[in-house]
Amino acid sequence: YELAAEDLAWRSGLPWVFSATIGSLRALMAGYLRRGPSSFPAAAARVTVPTLVVWGTRDRLVDVRLARPTAEAFPRAELLILPGCGHVAQMEDPQTTARGVLALWERTAAGDGGGAGGSGAEVAVDQATTERAEAGAPLQAEHGAVATSWA
């Protein structure tokens, strides 16, 4: 967290920070709302590699209810939902996020990874699984219903 705080302080002092942030947000929103062959769903549908969509239940920038439709937009996606995590999972829960990525790589290398052909295969990570990951235990991926409710 100290390194992240130092990085944030440094970035916040750059003269272009506000225009770059606003420009990035505008481009992201325009890309997401765009229609036609360059829309987000069309672009995601062209991604042919296994994809892990990582989402936190406490994301205040993008509601967790968009996690499933986002994962379903990719042909070979898996969905990892992290309870209690916000928008930046790789910083807020780096161990579980890394274990999710590693599990996808291992399943892919074994010929068993990469989602179920656009069905939005999901990796459920409940509190007990998160605690096991923090203790160094391997992440056990469970395909099927997400253990965390986002309704």
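Ser-39 is tucked away in this predicted model: with a relative accessible area of 7%, Ser-39 counts as buried. Its place is the loop that links α2 (17-33) to α3 (40-45). The side chain of Ser-39 gets to within 3.3 Å of a backbone atom, namely the nitrogen of Ala-42. Once residues up to four places away in sequence are set aside, Ser-39 touches Gly-31 and Arg-34.

Stepping back to the whole chain, the model has 7 helices and 3 strands. Read from the N terminus, these elements follow the order α-α-α-β-α-β-α-α-β-α. The chain has 151 residues, and 32% of them count as buried. As for contacts between residues at least 6 apart in sequence, 68% bring together residues at least 24 apart.

Next comes the nonpolar interior. The largest nonpolar core holds 11 residues: Ala-44, Val-53, Trp-55, Val-64, Ala-67, Ala-71, Ala-73, Phe-74, Ala-77, Leu-79 and Ile-81. At least two residues of this core come from each of β1 (51-56), α4 (67-72) and β2 (77-82). The top contributor is β2, which gives 3 residues. Such a grouping fits a broader pattern: in soluble globular proteins, nonpolar side chains tend to be buried together. One member of the core, Ala-44, touches Ala-73, Phe-74 and Pro-75, again leaving out residues up to four places away in sequence. A further core sits apart from the largest one; it has 6 residues, including Leu-80, Cys-85, Ala-89 and Leu-104.

Cys-85, named in that other core, belongs to the loop between β2 and α5. At 3% relative accessibility, it falls under the 20% cut-off, and Cys-85 therefore counts as buried. Its C-alpha lies 4.3 Å from that of Gly-56, although 29 residues separate Cys-85 and Gly-56 in sequence. Gly-56 also turns up among the contacts of Cys-85, together with Thr-57, Arg-58, Asp-59, Glu-92 and Asp-93, when residues up to four places away in sequence are not counted.

Three threonines give a look at other parts of the chain. Thr-51 sits in strand β1, and a relative accessible area of 15% makes it buried. The side chain of Thr-51 comes to 3.0 Å from the backbone oxygen of Val-49. Beyond residues up to four places away in sequence, Thr-51 touches Phe-74, Arg-76, Ala-77, Glu-78 and Leu-104. Of these contacts, Phe-74 and Ala-77 are members of the largest nonpolar core, while Leu-104 is listed in the other core. The C-alpha atoms of Thr-51 and Phe-74 are 7.2 Å apart, with their positions 23 residues apart along the chain.

Thr-70 is part of helix α4. Thr-70 counts as buried as well, at 11% relative accessibility. With neighbours within four places in sequence left aside, Thr-70 is in contact with Tyr-32, Phe-40, Val-53 and Trp-55. Val-53 and Trp-55 are both in the largest nonpolar core.

Thr-108 is another matter. It is found in helix α6, which covers residues 94-109, and it is partly exposed, with a relative accessible area of 32%. That value puts Thr-108 in the partly exposed class because buried means under 20% and exposed means over 50%. Thr-108 and Val-49 lie 59 residues apart in sequence, yet their C-alpha atoms are 9.3 Å apart in space.

Finally, there is the open space in the model. Rolling a probe the size of a water molecule over the atoms shows where empty space is left. The largest pocket takes in about 1,500 Å³. Its lining is made up of 37 residues, and those nearest the pocket centre are Leu-25, Leu-28, Leu-61, His-87 and Val-88. By class, the lining consists of 24 nonpolar, 9 polar and 4 charged residues. The elements α1 (2-12), α2, β1 and α5 (89-92) each put at least two residues into this lining. The biggest share belongs to α2, with 9 residues. Strand β1 thus appears in two settings, as it supplies residues to the largest nonpolar core and also to the lining of the largest pocket.

Terms used
Residues are numbered from 1 along each chain as its sequence is written. This is a predicted model: local features need pLDDT of at least 70, side-chain atom pairs count only at pLDDT 80 or more; totals for chains, interfaces and linings use all residues. Side-chain values use heavy atoms; hydrogens and water are left out. A nonpolar core is a set of buried Ala, Val, Leu, Ile, Met, Phe, Trp, Tyr and Cys residues joined through side-chain atoms within 4.5 Å. Buried means under 20% relative accessible area, exposed over 50%, partly exposed in between (1.4 Å probe, protein chains only). Helices (H or I, at least four residues) and strands (E, at least two) are DSSP runs, numbered from the N terminus. Contact means heavy atoms within 4.5 Å. A polar contact is a pair of N or O atoms within 3.5 Å; within protein, one must be able to donate a hydrogen and the other to accept it, and residues adjacent in sequence count only if both atoms are side-chain atoms. On a 1 Å grid over the protein atoms alone, a cavity is a set of points where a 1.4 Å probe fits but cannot get out, and a pocket is an open set with protein on both sides within 12 Å along at least five of seven lines; lining residues have an atom within 4 Å of a point. Grid points are joined across faces, edges and corners, and a volume is the space filled by probe spheres set on the points. Ala, Val, Leu, Ile, Met, Phe, Trp, Tyr, Cys and Pro count as nonpolar, Asp, Glu, Lys and Arg as charged, and the others, Gly among them, as polar.
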